[in-house]
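Here are my notes on the model you sent, set out as numbered points. They begin with one helix and work outwards from there.

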Amino acid sequence: MQPLRITFLGTSGSVPTKERGLPALYLEYEGRRFLFDVGEGTQRQLLLAGKSPTSIDAIFITHFHGDHVFGLPGLLHSMQLNDRKKPLYIFAPKSTIHRIRWLVHAIPFSPSFPVIWKPVEGNSILWDEKLFYIESVPLKHSTEVYGYVFREKDRRKLKKEELDRIGVKDWRIYRKLKAGESVLWEGRELKPEDFTYVVKGRSVGYFVDTVPVELPPVDYVIHDATFLSNEEKKARETLHSTVREAAEVAKKLGAKKLFLFHISPRYREEEELLREAREVFENVEVAKDLQTVELL
Ligand SMILES: [Zn+2]
Ligand SMILES: [Zn+2]
């Protein structure tokens, strides 16, 4: 199983605190490096986490609010100073992507590397490789906003004992069966369902900033949890979610684990957040800055 790792770089909402920086999530898989949101201070958080800013392949911006994008100009300017050469893809909501470009170019900036701007619209597959893909999921907030889901593709593995038992040793047959194809072998049809089994791919969803909405099932949920339930009115006014709502989402999706994210600076103690979430969903953590999690 290939390692799939996420690192929380910033976990606060709206303004930073001494303990929490502004939203940014780093994901590593199969030599690829992705960044979701670039809150102010993200490049320093990358350094503290021991992650190279120049290695990032693509950046996915959820929406055009300051706390999620103020780190982008600084990060790009540093990539330029470090003489980055490889292309950088930047995905952002269609209706505001031009404003994000203005933000980057407000100070003269002619990058030494190609910057490829990709508008995001609706539910689409944005990045597709042999082993995984990344898709956008429309969320609901005061401006156009998308959640992003990383999904490892399901894989077929060989039932080696079964194949050995009937004496199949040909790797070309193995390859076809693994691709889900039937094979004719010595007058007999070998079906993939008899000689392979499916290993489900892992998935993680980054869902900020939003009120609770319909979401596709994922194993690991990173969800807006800006307020406790006693501030539900405030959550509705600002189009955010409460901790209880985040827990209800994780439960409904049948998730393995929930990370509470985009924590309001008013909450300094994790305990009260965890208490409220655990009334609904047991396997929950409050995401912490510079925390790396291996997703199994
Ligand atoms: Zn925010
Ligand atoms: Zn926002």
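1. Eight of the 11 residues of α9 are buried (20 or more other C-beta atoms within 10 Å of a residue's own, with C-beta atoms placed from the backbone), so this helix is largely enclosed by the rest of the structure. Helices here are DSSP runs of H or I of at least four residues, strands are runs of E of at least two, and both are numbered from the N terminus. This is a predicted model, in which local features need pLDDT of at least 70 and side-chain atom pairs count only at pLDDT 80 or more, while totals for chains, interfaces and linings use all residues. Residues are numbered from 1 along each chain as its sequence is written, with chains lettered from A and ligands numbered from 1 in the order in which they are written.

2. Among the buried residues of α9 are Arg244 and Glu245, alongside Val243, Ala246 and Leu253. The buried residues of the helix pack against β15 (220–224), β16 (257–261), α10 (270–278) and β17 (284–286), and α9 is followed by glycine 254, whose phi is positive, near 65°.

3. The largest nonpolar core (buried Ala, Val, Leu, Ile, Met, Phe, Trp, Tyr and Cys residues joined through C-beta atoms within 7 Å) has 70 residues, of which Leu25, Val221, Ile222, Leu258 and Leu260 touch the most other members. Helix α9 (residues 243–253) gives the most to this core, with six residues.

4. Leaving aside neighbours within four places in sequence, leucine 260 is in contact (C-beta atoms within 7 Å) with residues including Val243, Ala246, Leu273 and Val286.

Notes. A residue is buried if 20 or more other C-beta atoms lie within 10 Å of its own, exposed if 12 or fewer, and partly exposed in between; C-beta atoms are placed from the backbone. Two residues are in contact if their C-beta atoms, placed from the backbone, lie within 7 Å.
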